[in-house]
Amino acid sequence: MSHTLKLTGVYLLLADGAASLLAFGLSALLASVIVSPSPVIGVDETSFPASILFLLSVPFFLACMSYFAAKGHYALKASWWLQVEHILFASLAAFISSALVIYAWKIPVQMDQNGLLWLSVPPCLILMRWVVRNILVKKGCWAIPTSLVGKYETIMKLVPALQAETYLIYDVRQAFFLDAAEVQIDNFKKLYPWVRIYSDLDSISFENSYVLFCPNGRTEVHDEILAQLERDRVRFAYVPPTEGYFLYNIEPQRFFGFGIIALVAHLFFLASAT
């Protein structure tokens, strides 16, 4: 899985690089059509300083790609709509930063041209990522081999979320339930008839698999599973039991150096004048 994951990351990185060039070409074409020439200090009125804009945009393109890498875009860690949010945020930040640089250093580039460039970046990134995704899906290099481990009820609530993900493909191949009865296992097999279901933790192997761990409280088996995942250096996600809790407008907050995660509620109240 690690070799395939690295190869996928390289393809996505190249796709973002191609998207940057595509966005630059598209913005240059749009600028030549809809942006009326205006005098810019040090530049002929009828010329389009494409080379200056390109050289200016390169550091911001690289900064955006570094941000995407830090957010897990190239390691298939971020869901699709979260990636779209990151793309829009990075493009907006790059536009504002580049506009400030143009204004502060009096660079001979029109603001309209710079705006068209960063307006073209999000659709080009989205287009190129889906093109690469479709190519890798056909090559069989895109789907993420996935193992479901933990509490039956939490896993069954997780299944619709996995199936609703349109960008990433979670290929569920094996499962280990901590508390499932025969009837519940039969219901699960109706959703994933090809999945191997294990009844013994020692017989399951998490090698080359992405594990979604849904624990049933803090138990001895819970600690054994976590120890095995850490020992085998397996990529895994921890899905805490949150059923029955109101989780809208809540985000996780981590305390550095402690194994504690606080779910912070962001509540907005409308204050009326009295």
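Biologist: Where does α4 bend, and by how much?
Modeller: The bend in α4 is at Val121 and comes to about 30° (the angle between axes fitted to the seven residues ending there and the seven starting there). A proline, Pro122, follows within four residues. This is a predicted model, where local features need pLDDT of at least 70, side-chain atom pairs count only at pLDDT 80 or more, and totals for chains, interfaces and linings use all residues. Numbering runs from 1 along each chain as its sequence is written, and side-chain values use heavy atoms, without hydrogens and water.

Biologist: How far apart are the end C-alpha atoms of α4?
Modeller: They are 42 Å apart, and this agrees with the expected span because 29 residues (111-139) at 1.5 Å a residue should also cover 42 Å (1.5 Å times one less than the residue count). Helices are DSSP runs of H or I, at least four residues; strands are E, at least two.

Biologist: And what follows α4?
Modeller: Gly140 does, with a positive phi near 75°.

Biologist: Switching to the sheet: what's the strand order?
Modeller: Friendly one to read: β3-β2-β1-β4-β5, five strands in an open sheet with parallel pairing (at least two DSSP bridges per pair).

Biologist: Which strands stand at the edges?
Modeller: β3 (196-198) and β5 (236-238) do; each has a single partner strand, so one side of each lacks a neighbour in the sheet.

Biologist: How many bridges join β1 and β2?
Modeller: Seven, between β1 (144-150) and β2 (170-177), in the parallel sense. Within that pairing, Leu148 of the structure sits opposite Ala175 in β2.

Biologist: Cavities next. How many turned up?
Modeller: Searching the whole structure gives two of 30 Å³ or more (1 Å grid points where a 1.4 Å probe fits but cannot get out; lining atoms within 4 Å). The second largest has a volume of about 40 Å³.

Biologist: What lines the second largest cavity?
Modeller: Its lining includes Phe61, Trp118 and Val121, the residue where α4 bends. α2 gives the most, with four residues.

Methods
On a 1 Å grid over the protein atoms alone, a cavity is a set of points where a 1.4 Å probe fits but cannot get out, and a pocket is an open set with protein on both sides within 12 Å along at least five of seven lines; lining residues have an atom within 4 Å of a point. Grid points are joined across faces, edges and corners, and a volume is the space filled by probe spheres set on the points.
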